[in-house]
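Trainee: Could we walk through this model together? I'd like to see how each label is earned.
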Amino acid sequence: MLEKLAQILLFILPAYCANGAPVVGVRLIGRSTPLDRGARAWDGRRILGDGKTLEGLLMGVAMGTIAGLIIHSFIPGIYRSSLEPFMLSVGAMAGDLFGSFVKRRLGLERGRPAPGLDQLGFLAFALLFSIFTFGPPRWLDALTLILLVAVTAILHIGTNYLAYLLKLKAEPY
Ligand code: CTP
Ligand code: MG
């Protein structure tokens, strides 16, 4: 049971890294280009907002992929292909962008919380990208999925609060 949980967490780790890397990375390089270049959607609000940058996107995909490739080289069998960490990372970033797009359409300013979407959008897209490419992973069943959702939500809240304490983020969520 515990071993299975560890395997699943290793599997999804590229998505976690991809999601977390921009927060630290964009600070370190100290420059950021909003992906929507300030453009607005039909509702007059930003398409994505200043929180979604090209640097953050590239950093997320790179860090998630690298983390997964390191795991893949030490523990073969976690991923079905060396391409899977990349798919999980791209999926995570796509989910993050989708989340911001939805938040802006709902009228939420950049950085405002959207409970559920903030914590789980990236997870859903990461899993979907991997499933579309490689099929459902063999460990995937309803109970495991619920467990993964719960663990991800708790970890997301915990790590974001930590980033807030470390002054990496302006809000604790
Ligand atoms: N970030 C980035 N580029 C991305 C994703 C994140 O630069 N593609 C950085 C931004 O500095 C962002 C921070 O990581 O502020 C935290 O990400 P997130 O919480 O997803 O963004 P928010 O600022 O909360 O914006 P939104 O309301 O759109 O989610
Ligand atoms: Mg946020």
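Mentor: Gladly, and let's begin with a definition: patches are made of residues with over 30% relative accessible area and no salt bridge (a side-chain nitrogen of Lys or Arg within 4 Å of a carboxyl oxygen of Asp or Glu), where like charges are joined within 9 Å and nonpolar side chains (Val, Leu, Ile, Met, Phe, Trp, Tyr) within 5 Å. This is a predicted model, in which local features need pLDDT of at least 70 and side-chain atom pairs count only at pLDDT 80 or more, while totals for chains, interfaces and linings use all residues. Residues are numbered from 1 along each chain as its sequence is written, and side-chain values use heavy atoms, leaving out hydrogens and water.

Trainee: Which residues form the nonpolar patch on the surface?

Mentor: Met 63, Ile 66, Ile 70, Phe 74 and Ile 75 form it, with about 500 Å² of accessible area together (Shrake-Rupley method, 1.4 Å probe, only the protein chains shown counting as cover).

Trainee: Why is Phe 74 called exposed?

Mentor: Exposed means over 50% relative accessible area, buried under 20%, and partly exposed in between (1.4 Å probe, protein chains only). Phe 74 has 67%, so it is exposed. Phe 74 lies in helix 2 (helices are DSSP runs of H or I, at least four residues, numbered from the N terminus).

Trainee: And why does Arg 37 count as exposed?

Mentor: Its relative accessible area is 64%, so Arg 37 is exposed. Arg 37 sits in the loop between helix 1 and helix 2, and its phi is positive, near 50°, in a residue other than glycine.

Trainee: What makes Lys 167 exposed?

Mentor: Lys 167 is at 64% relative accessibility, so it counts as exposed. Lys 167 lies in the segment after helix 5.

Key:
Chains lettered and ligands numbered in written order. Helix = DSSP H or I, 4+ residues; strand = E, 2+ residues; numbered from the N terminus.
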